[in-house]
Amino acid sequence: MGWETIREEIIALKEKRNAVILAHNYQPQEVQEIADHLGDSFELAHLAASTDAETVVLCGVRFMAENAAILAPNKTVLLPEKYAGCPLAETITADELREKKRQHPEAAVVCYINTTAEVKAESDICCTSSNAVQIVNSLPEEKVIFVPDRNVARYVAARTDKKIIPWDGQCITHQRVTAEEIKKVREVHPDAMIAVHVECPPQVVEQADYVGGTSGIAKFARESKTSKIIIGAEMGLIYRLKRENPGKQFFLLSPGLICPNMKATNLEKIRQALVNMEPRITVPEKIRKQAFKALEKMLTIIP
Ligand code: 13P
């Protein structure tokens with residue numbers, strides 16, 4: 001089947017299933033083009049919670065589809081590639097978090113959004129790349145267990161008076177960027193600005209001109225007066241940046257910035273998902289209710 005036919009089928013199936021296609025900023029070009037909405041983890045959670053559609057096709061990784069299922073239990077949530085996981089989310093289990101809570105009973109628990117539903121169910125509040133510092137500072141507790149990304153934990157710790165108790169998780173894609181690469185790029189492109197994802201290692205974050213989440217980087221790129229911007233985030237973001245800023249140049253900071261899980265979704269898988277209404281993502285009700293509280297609290301503090 002040709003691309004055009006697949007696209008037309010998806011559009012017809014979307015209508016038939018009363019579906020909305022939500023895609024993460026790291027998705028491949030063809031997925032970004034067919035999506036109704038494109039966003040970062042926070043925006044996708046928000047959109048899933050507020051859409052009128054009966055079916056949500058979440059083009060991203062499993063935890064994003066789980067968020068949609070947690071926030072919108074009456075909708076059918078489809079993840080076109082069922083094996084699209086997040087290695088960062090898999091660095092901590094609910095049992096491990098329970099043990100950490102036993103060690104620090106006085107601490108609040110903040111989970112980064114890249115976590116399983118079970119881990120969210122054990123957390124007091126969720127946060128994302130766009131609001132981590134604000135969420136931590138909103139809590140009354142002086143100590144905060146922050147899971148699972150150690151780089152984001154360190155970034156937050158430098159911007160709060162609270163004691164941050166981190167977990168040793170990391171995003172294997174963002175972690176690949178090195179301090180040497182950023183130094184080299186500065187030498188080769190002294191006229192460029194460098195924007196990096198907050199999950200990058202601290203030595204990279206310290207040298208960047210802008211640090212944030214994927215939509216934060218997109219906003220920085222739109223507003224920046226500089227016409228050359230080096231991106232320290234997964235390569236999928238470059239497509240959105242080029243489309244939104246035709247007069248500017250974007251380069252990837254490191255060739256290692258490719259996430260195979262984010263690249264696992266394509267048009268044919270979206271079409272099949274809408275034909276079969278599978279793979280469907282559901283969360284057991286007891287866990288869903290607990291995880292809902294952590295996500296809802298975040299959405300209440302940052303609407
Ligand atoms: P954003 O929330 O910044 O889009 O990041 C999501 C993600 O999965 C990065 O690893």
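How do the residues of the shell around the ligand divide into nonpolar, polar and charged? In this predicted model, the shell comprises three nonpolar, eight polar and two charged residues. Of the 13 residues around the ligand, those that come nearest are His 24, Ser 41, Ser 129, His 197 and Thr 214.

Several polar side chains can be followed from this shell to oxygen atoms of the ligand. The side chain of Thr 214 places an N or O atom 2.6 Å from a ligand oxygen, while for the side chain of Ser 41 the corresponding distance to an oxygen atom of the ligand is 2.7 Å. The side chain of Asn 114 also takes part, with an N or O atom 3.1 Å from an oxygen atom of the ligand. Taken alone, the ligand would expose 300 Å², and the protein buries 96% of that area.

The setting of the ligand can be described in terms of domains and of enclosed space. Because domain 1 (3–84 + 262–283) and domain 3 (174–252) both contribute residues to the shell, the ligand lies between these two domains. The ligand also sits in the largest cavity, and the count of cavities of 30 Å³ or more comes to one. About 270 Å³ of space lies in the largest cavity.

The walls of this space can be considered next. The lining of the largest cavity is made up of 28 residues, and those nearest its centre are Tyr 26, Asn 114, His 174, Glu 199 and Met 262. By character, the lining of the largest cavity divides into 14 nonpolar, eleven polar and three charged residues. Asn 114 thus appears both among the residues nearest the cavity centre and in a side-chain approach to a ligand oxygen at 3.1 Å.

Note on methods
Residues numbered from 1 in each chain as written. Predicted model: local features only at pLDDT ≥ 70, side-chain atom pairs only at ≥ 80, totals over all residues. Heavy atoms only, no water. Near = heavy atom within 4 Å. Polar contact = N/O pair within 3.5 Å; in protein donor to acceptor, adjacent residues only side chain to side chain. Areas by Shrake-Rupley, 256 points an atom, 1.4 Å probe, with all protein chains shown as cover. 1 Å grid on protein atoms, 1.4 Å probe; cavity = no way out; pocket = protein on both sides within 12 Å on 5 of 7 lines; lining within 4 Å. Sits in = over half its atoms within 2 Å of the grid points. Nonpolar A, V, L, I, M, F, W, Y, C, P; charged D, E, K, R; others polar. Domains from an automatic or database assignment. Points joined across faces, edges and corners; volume = space filled by probe spheres on them.
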